[in-house]
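Student: Got a minute to go through this model with me? I'd like to start with the loops and then move around from there.

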Amino acid sequence: MTLVTDPAAPRIAVIGATGAVGSTLIELLEERGLRYRELYLIASVRSVGRQIPVGGRPHEVLSLEDFDFGLVDIAFFSAGTSVSRAWVPAAVAKGALVIDNTRAFRMDPDTPLVVPQVNHAVLNRPPGSGVIANPNCSTIPLVRVLQPVERRWGLRQVVVSTYQAASGQGHQGVEELLEGAEVALRDPDADLPSERFSPPLAFNVVPFIDELLDSGFTLEEQKMVQESRKILGLPDLDVTATCVRVPVVNSHSEAVWVETDEPVDRRELVGLLGRQTEVTVHDAENRAAFPTPLNAGHPDHVHVGRVRVSPQNPRGFWLWLVSDNLRVGAALNAVQIAEHALGSGFLSGGER
């Protein structure tokens with residue numbers, strides 16, 4: 001992140017600046033050298049007054065309730081759905097372009113839901129709502145591999161099981177996992193902390209994320225279905241999901257079954273996926289190679305392995321995906337949205 005005096009550079013606010021996604025977003029803004037005129041870090045009352053260094057300068061955390069959104073051009077929201085629903089309209093009314101990392105506006109027809117590597121064309125013009133929505137952390141890596149497959153062979157059905165890390169519940173989720181593991185190692189019969197995860201996550205696997213819907217699916221599973229269809233522009237895509245929380249600190253994994261319209265050749269599939277931007281295929285040469293949350297490699301890539309075309313069904317194949325949910329699945333996607341919006345010019349002193 002680079003502080004400049006150029007009047008065309010944006011003034012930026014990060015709402016939720018002390019959370020897991022917010023702090024990752026600040027880290028990425030610095031790494032990618034995004035030019036800015038002003039930076040405001042916003043958080044809840046308990047964090048107000050903290051000093052966070054950015055670009056070698058201390059920045060005081062400000063109160064959301066007292067902040068004037070008329071001071072900024074871009075506002076990144078990652079403080080939870082309820083905060084976005086309450087405060088995004090105020091930010092838009094003051095003229096800020098909002099990039100929202102919650103589910104508050106994802107299915108709003110006037111709000112584009114964007115994964116830049118998939119549907120960046122929608123960023124060629126300002127959004128009607130003033131908001132660009134960042135998708136769910138598991139949806140982003142999924143659609144990034146599905147789109148090239150759909151264009152080459154068509155899609156009949158997608159069945160996905162996720163294995164989602166504790167960091168999906170922020171700093172508190174990670175702390176609860178580590179504390180629970182420590183307690184369980186000392187005493188296997190002890191009651192484990194379960195404020196963020198219930199039942200407790202340490203040494204456990206929990207096939208339930210977010211709230212239960214009348215359909216029997218969870219909201220997390222419904223989000224993957226609805227968001228995949230919207231981003232890919234395939235409203236009738238047959239996609240279904242089971243979302244599972246696992247005792248991993250960071251990085252989500254997914255087992256994905258894909259059935260296409262035409263028979264698939266593994267070599268061509270591996271080559272196709274390997275040519276996608278920021279996608280690494282691990283078993284192109286060595287079929288025994290595969291990514292895991294601990295060893296996947298580049299944190300800004302979607303990692304693919306276990307590419308298997310079914311011997312019984314040449315139109316069906318399996319993929320194993322791993323990606324950093326805080327970067328690829330949240331903050332990086334939001335920063336890349338901002339980079340595309342700035343590249344489109346509608347934040348350069350013109351219309352927003």
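**Loops, sheet and hollows**

Tutor: Sure. Start with D210, which sits in the loop between α5 and α6. Keep in mind that this is a predicted model.

Student: What's the phi of D210 like?

Tutor: Phi is near 75° there, a positive value in a residue that isn't glycine.

Student: And P199, where is that one found?

Tutor: P199 also belongs to the loop between α5 (170-186) and α6. The peptide bond leading into P199 from S198 is cis, with omega near 0°.

Student: OK, sheets now. What's the strand order in the open sheet of six strands?

Tutor: The order runs β11-β10-β12-β15-β14-β13, and the pairing is mixed.

Student: Which strands stand at the edges?

Tutor: β11 (238-245) and β13 (279-281) do. Each has a single partner strand, so one side of each is left without a neighbour in the sheet. As for twist, neighbouring strands of this sheet are turned by 20° against each other on average, ignoring direction.

Student: How do β10 and β12 pair, parallel or antiparallel?

Tutor: Antiparallel, over eight bridges, with β10 covering residues 155-164 and β12 covering residues 252-260. If you want a spot to look at, S161 stands opposite A255 in β12.

Student: Which helix packs on that sheet?

Tutor: Helix α6 (residues 219-232) does, touching β10, β11 and β12. The direction of α6 makes about 140° with that of β11.

Student: Let's switch to W320. Where is its place?

Tutor: W320 is in strand β15, which spans residues 316-323.

Student: What is W320 in contact with, leaving aside its neighbours within four places in sequence?

Tutor: Quite a list: Y163, S253, E254, A255, P291, H303, V304, G305 and R306. You've met A255 already, as the residue that S161 stands opposite. With P291 there's also a polar link: its backbone oxygen lies 2.9 Å from a polar atom of the W320 side chain.

Student: And how far apart are W320 and F290?

Tutor: In sequence they are 30 residues apart, and in space 8.0 Å, C-alpha to C-alpha.

Student: New topic: empty space. How many cavities of 30 Å³ or more are there?

Tutor: The count comes to one cavity. About 40 Å³ of space lies in it.

Student: What lines the largest cavity?

Tutor: V21, L25, F76, F77, S78, I99, N101, N134, A330, A331 and A334. At least two of the lining residues come from each of α1 (20-31), β7 (74-77) and α8 (327-344). α8 gives the most, with three residues.

Student: And how does the lining of the largest cavity divide by class?

Tutor: Eight nonpolar, three polar and no charged residues.

Student: What about the second largest pocket, how much space lies there?

Tutor: About 220 Å³. The lining of that pocket is made of P116, Q117, V118, R144, Q147, P148, R151, L272, Q276, T277, V279 and H340.

Student: Which element supplies the largest share of the pocket lining?

Tutor: α4, with four residues. Both α3 (116-119) and α4 (139-153) supply at least two.

Student: How many charged residues does the pocket lining have?

Tutor: Two, alongside five nonpolar and five polar residues. In the cavity lining, by contrast, there are no charged residues.

Definitions and conventions. Residues numbered from 1 in each chain as written. Predicted model: local features only at pLDDT ≥ 70, side-chain atom pairs only at ≥ 80, totals over all residues. Heavy atoms only, no water. 1 Å grid on protein atoms, 1.4 Å probe; cavity = no way out; pocket = protein on both sides within 12 Å on 5 of 7 lines; lining within 4 Å. Points joined across faces, edges and corners; volume = space filled by probe spheres on them. Nonpolar A, V, L, I, M, F, W, Y, C, P; charged D, E, K, R; others polar. Contact = heavy atoms within 4.5 Å. Polar contact = N/O pair within 3.5 Å; in protein donor to acceptor, adjacent residues only side chain to side chain. Pairing = 2+ DSSP bridges. Axes fitted to C-alpha atoms, helices over the stretch in contact; angles between N-to-C directions.
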